[in-house]
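User: I am new to reading protein models. Can we go through the labels and see what stands behind each one?

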Amino acid sequence: MTRDLLLGSLLAASLLQIAPEALALDHSIKVARLTSDSTSRRGGSGGGAYNLSCPSGQVLIGITGGAAGYVDRVQGICRDIDASGNWTATETLTGTAGGPSGFPYTRRCSTNFALSGFSGRAGWYIERLVLECARLAPGGTLSATTARTTLGAIGGTGGTAFSMTSCST
């Protein structure tokens, strides 16, 4: 996949790229060698693309922003992890992308989990977004043995539904 993605990690630094009309998750992992796992792009043709990155060594654990009938604004929530895949004390926010409207929202994975996928509804823009979280395993990979959890929906009910798009690692 390319860097025209919405959520993810690249070379062990999370990359949050916003395209209100399109959404994809690119989750790279920090292990002995760096690998990448990404998802397909979702959405319509409205809006524009933005790049928002977490600092090196952090993973994307949530997003915050503004939404009403569609997801208008997004900002990544990033967290340092240790070698065991556990969160450490340092949490940072990426820059913000999108417009000024909508009601404030924050969606954050449970402790020691990271964003692993998304589903939602899309028309001209991303109308609705549901995030998926997975437990972090040693080395910063997504655990394949624990159940993935979803966070509460963001946005409205317009557009066409698209199914859960998840990273496999």
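User: Why is Y70 called partly exposed?
Analyst: This is a predicted model, and the value is computed from it. Y70 has a relative accessibility of 30%. Buried means under 20% and exposed means over 50%. The value for Y70 lies in between, so Y70 counts as partly exposed.

User: What makes Y70 and Y125 a stacked pair?
Analyst: Two values decide. The ring centres are 5.0 Å apart, and the cut-off for a pair is 6.5 Å. The planes differ by 25 degrees, and stacked means under 30 degrees. Both tests are met, so the pair is stacked. It links distant parts of the chain: Y70 and Y125 are 55 residues apart. Y70 sits in the loop between β8 and β9, Y125 in the loop between β12 and β13.

User: Why is the pair of W124 and Y125 called edge-to-face?
Analyst: The planes of W124 and Y125 stand at 90 degrees. Edge-to-face needs over 60 degrees, so the label fits. The ring centres are 6.5 Å apart. Ring pairs link Y70, W124 and Y125 into a cluster.

User: Is W124 buried or exposed, and how do you know?
Analyst: W124 has a relative accessible area of 51%. Exposed means over 50%, so W124 is exposed. Y125, at 27%, is partly exposed.

User: How do you know whether A122 is buried or exposed?
Analyst: A122 has a relative accessible area of 12%. The limit for buried is under 20%, so A122 is buried. A122 is found in strand β12. Among the residues A122 touches are G43, E127 and F162.

User: What makes R79 and E91 a salt bridge?
Analyst: Their closest N and O atoms are 2.9 Å apart. The cut-off is 4 Å, so the pair qualifies. R79 lies in strand β9 and E91 in strand β10. R79 is buried at 16%, while E91 is partly exposed at 33%.

User: What makes R79, E91 and R108 a network?
Analyst: E91 forms a salt bridge with R79. E91 also meets R108 in a salt bridge, at 2.7 Å from N to O. Salt bridges therefore link R79, E91 and R108 in a network.

User: Why do E132 and R148 count as a salt bridge?
Analyst: The N to O distance is 3.4 Å. That is within 4 Å, so the pair counts. E132 is buried, with a relative accessible area of 8%. R148 is partly exposed, at 28%.

Notes:
Residues are numbered from 1 along each chain as its sequence is written. This is a predicted model: local features need pLDDT of at least 70, side-chain atom pairs count only at pLDDT 80 or more; totals for chains, interfaces and linings use all residues. Side-chain values use heavy atoms; hydrogens and water are left out. Rings of Phe, Tyr and Trp (its six-membered ring) pair if their centres lie within 6.5 Å; planes under 30 degrees apart count as stacked, over 60 as edge-to-face and the rest as tilted. Helices (H or I, at least four residues) and strands (E, at least two) are DSSP runs, numbered from the N terminus. Buried means under 20% relative accessible area, exposed over 50%, partly exposed in between (1.4 Å probe, protein chains only). Contact means heavy atoms within 4.5 Å. A salt bridge is a side-chain nitrogen of Lys or Arg within 4 Å of a carboxyl oxygen of Asp or Glu. Lists of a residue's contacts leave out its neighbours within four places in sequence.
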